[in-house]
Structures are given as structure tokens and as C-alpha cells.
Amino acid sequence: MSPRKSGTDAWGRWGWLFGAIWLVFFAFPVTYIWTADGSMVWRLAATAVVAAFMVAYVMTVRLSTHLVSAGEYARAARGGRVGLVAMVATALMLAALIGPNALTAFPFIVAVPVFFLPWRAMWTTSVTLFAVGVVSSTVAWGLSRTVMFWGIALLVLATSVLSRHLEERQESAREVEGQLALTEERERVARDVHDVLGHSLTVVTVKTELAQRLIDVDPQAAKQELAEVQDLSRQALAEIRATVGGLRVARLADELEAARVALAGAGIEMEVCGSVTDVDPRHRITLAWVLREAVTNVVRHSGASRCTVELGESSLRVVDDGVGGGVVEGNGLCGAGERVRQAGGQLSLGAGRHGEGTALEVRW
């Protein structure tokens, strides 16, 4: 049986009704009891045994479905076996009282192990009960009076097995979906953390190196750079917390300003063609993440003196005049490409103007 998360799901609470609804067929032996010749004591005794069997069946199914739903398979098997013994005992008493009409209980006895036993044990138990029931009823009452109950028992068993099989298939599908969703969420968090930390640490590194060079020649400027490093570190920490909490949303205007600061710290002049208002609002968040990653790579790898950011309604182009390889296809760019593909766009890399530097382009 497939594991469940909790015993409070609908099957755990109401699954027993699926089995209990078939107790309506006991109307036939009860009708026989109260229309056949016999004393009142016999009628009351037979009716009480029918009621006892029905109670034993309902309690067995209800307890089993609840425990199985809660993942307590050993307890479900133990309790189910006790209930099965009670059902067999009351069925034998009923057979002694009303003869072949007691075979109404036969399908319930054969099918009830489906609710609480593992597959192999269930098949062994159900087939054994079916075989013993067929042989003993045929010996006691003959083939013609019992064969119909055999067919009903097989039909009920097949229906119960099919129901359990479909339920377990659905449960397995839900588990796979849950695992996929969890994996996707982990990948999203990892991608966001990489983008946030990659950009922030790159800028911190650049500014720290600048402050180190300025500390002797211009202490005031070095102090200003270090103050900005402190602010960037605090901002990065806040962004990491927001990312892990699922609250991080990149904004294109903010990323443009952050790109200007990062490029300036690396001594790279930035030119922006177009404005945020030109960009389709549906694409702004995706382009903000791509811009962050592209600028981070330009600062790290390009050795450029100039970087141009071109914004269009459904496009972004980041071009540098460096030595080439300004945008490196690492984890960050793979994550950016995945974001773009999920949003229905395409990301491409190529040479910059006149074959110099690198150009990253995103289009829808």
C-alpha cells in the first residue's frame, strides 16, 4: 500500500462508506428470515447475527481505511485480521441458522482483506477464503444453490481490487507531482540565490579592491567606497532572506540602477538605450534577472570599458566592448536562459559590434 501523509484525508474518514453501501444486499436474508416459517426466537436470533456481521464488517473496514490512510499498516493488518475472524465466526453462525441464504456474507468476507493487507498477503487470504467457501458451501448445499454467490464474490473482489489499484496509482501520481514541485522550488531558490549573491559579491569585490587602492592616496574616497560595500552587504543579506522566503521579485528599474553602480565601480561606462516604460510589463521581471546576470558577467570577465544596455518592447540587449567572453555560459547564464524559456522567450549570445566584445540578447 502506498504511504499517506495524514490520516485526516477524505479516504481515511469516509472510505469505509464505499464498502458499507453494499450491505444493502442483506435485505435478502433478512426478508427470508421474516417470511420463512420459524419461531420468533429463531427470527430474532438470526436477525441479531446478521446485525452482528454487518457491524463487524463496517468496523473492520472503517478502522482499516483510517489506519492505512495514516500509514499505520501493521496496526491496520492486526485489527483487520481480528475483524475478519469475527466476520467468519458470525457468518458460520448465520449459516447454521438460515442455510444457503447466509452466503450473502460470502462476497464481503472474500473482499474485506483488500482494505488492510499488503498485496501478496491479500491475494493469499482472499483466494484461500474463496476456495474454502466454494468447497464447503457446495458440500453443504449443492452446486445449483451456491454458484450464483461465487460469481458475486468474484465480482465484488475484482471491483475492490480495481478500486484499490486506482487509488494507489493516483496516490503515486500525487507523490510524483509533489516531488517535481519540490524540485522546481529548490531549483528556483538556488537560481535566485546564485543571481543575488553573484551580482552582490562581484560588486563588493570590485569596490573593496578600489578602496584598497584609494586608501593611501584618497582616504575619504576609500571610506566612501567601504561605506557602500557595507550597504551592499546589508542589501544582499536582505535579498537572500527574501529569496529564501519566496518574496524576492526583481524590478527592472532597480536592476538598471544597480547595474550602473556595479559598472561604475569596475570603471566601465554604461549607456542605456530606451527606458523601462518601453518594455512590455509582462517581461520586465524576467529581463531584470537577465540584466543582473549579464552585468555581473561583464564586470567579472569582459575587461570592457563600455557597456550598452538596449531596451525594447519585447527585447533586451547587453553589449560590451571587451576582449570577448564577457558573458560566460555558467550556472548563472543557464539559469537566466531557463527563466527566459519559461516565459516563452529566447536568449542568445554572440559577438559585439564590429566583432568585438560580447552581445547577449533576449527576444520574444
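# A guided tour, one selection at a time

Start by selecting aspartate 280 and arginine 282, whose side chains meet in a salt bridge with an N to O distance of 2.7 Å. Colour the two partners separately, since their surroundings are worth a look. Aspartate 280 counts as buried because its relative accessibility is 12%, under the 20% cut-off. Arginine 282 has 67% relative accessibility, so this residue counts as exposed. Keep in mind as you go that you are looking at a predicted model.

**Next stop: a salt-bridge network**

Now select Glu269, Glu271 and Arg306, which are joined into one network by salt bridges that share partners. Zoom in on arginine 306 and glutamate 269: their side chains meet in a salt bridge at 2.9 Å, N to O. Arginine 306 belongs to strand S2 (residues 306-312) and glutamate 269 to strand S1 (residues 269-273), so this pair ties together parts that are 37 residues apart in sequence. Switch on the surface and you will find arginine 306 partly exposed, with a relative accessible area of 29%. Glutamate 269 also counts as partly exposed, at 48% relative accessibility.

How many salt bridges does a search of the whole structure find? The search finds eight. As background, side chains of opposite charge can pair when their charged atoms come close.

**Into helix H8**

Select arginine 164 and glutamate 168 for another salt bridge, with 3.1 Å from N to O. Both sit in helix H8 (residues 147-217), and because they are four residues apart there, about one helical turn separates them. Are these two partners buried or exposed? Arginine 164 counts as buried at 8% relative accessibility, and glutamate 168 is buried too, with a relative accessible area of 16%.

Keep arginine 164 selected and add tryptophan 119. Arginine 164 lies over the face of tryptophan 119, at 4.1 Å from the ring centre. For another arginine placed over a ring, select arginine 339 and tryptophan 289. Here the charged end of arginine 339 sits over the ring of tryptophan 289, 4.2 Å from its centre.

**A nonpolar patch on the surface**

Turn on the surface again and select Ile21, Trp22, Val24, Phe25 and Phe28. These residues form a nonpolar patch on the surface, and together they have about 560 Å² of accessible area. Pick out valine 24 in the patch: this residue lies in the loop between helix H2 (16-20) and helix H3 (27-35). Valine 24 is exposed, with a relative accessible area of 56%.

**Following the aromatic rings**

Hide the surface and show the aromatic side chains. How many aromatic pairs does the count come to? The count comes to seven. One to look at is tryptophan 22 with phenylalanine 25: their ring centres are 6.2 Å apart and their planes are at 10°, so the pair is stacked. Tryptophan 22 counts as partly exposed at 39% relative accessibility, and phenylalanine 25 is partly exposed with a relative accessible area of 41%.

Move on to phenylalanine 26 and phenylalanine 53. Their ring centres lie 5.4 Å apart with the planes at 45°, so this pair is tilted. The pair links distant parts of the chain: phenylalanine 26 is in the loop between H2 and H3, while phenylalanine 53 is in helix H4 (residues 40-69), 27 residues apart. Both of these phenylalanines are buried. Add Tyr57 and Phe108 to the selection, and you will have a cluster in which ring pairs link Phe26, Phe53, Tyr57 and Phe108.

**A pair of valines**

Select valine 30, which lies in helix H3. Valine 30 counts as partly exposed, at 27% relative accessibility. Now add valine 50 and draw a line between the C-alpha atoms: the two valines are 20 residues apart in sequence and 7.7 Å apart in space.

**Last stop: the cysteines**

Finish by selecting cysteine 273 and cysteine 334. Cysteine 273 is partly exposed, with a relative accessible area of 29%. Cysteine 334 is partly exposed as well, with a relative accessible area of 47%. How many disulfides does the structure hold? The structure holds zero disulfides. A disulfide, for reference, is a covalent bond between the sulfur atoms of two cysteines.

Technical notes:
Residues numbered from 1 in each chain as written. Predicted model: local features only at pLDDT ≥ 70, side-chain atom pairs only at ≥ 80, totals over all residues. Heavy atoms only, no water. Patch = residues over 30% accessible without salt bridge, like charges linked within 9 Å, V, L, I, M, F, W, Y side chains within 5 Å. Areas by Shrake-Rupley, 256 points an atom, 1.4 Å probe, with all protein chains shown as cover. Salt bridge = Lys/Arg side-chain N within 4 Å of Asp/Glu carboxyl O. Helix = DSSP H or I, 4+ residues; strand = E, 2+ residues; numbered from the N terminus. Buried < 20%, exposed > 50% of the residue type's maximum accessible area, 1.4 Å probe, protein only. Phe/Tyr/Trp six-rings, centres within 6.5 Å; stacked < 30°, edge-to-face > 60°. Lys NZ or Arg CZ within 6 Å of the ring centre and 35° of its normal. Disulfide = S-S within 2.5 Å.
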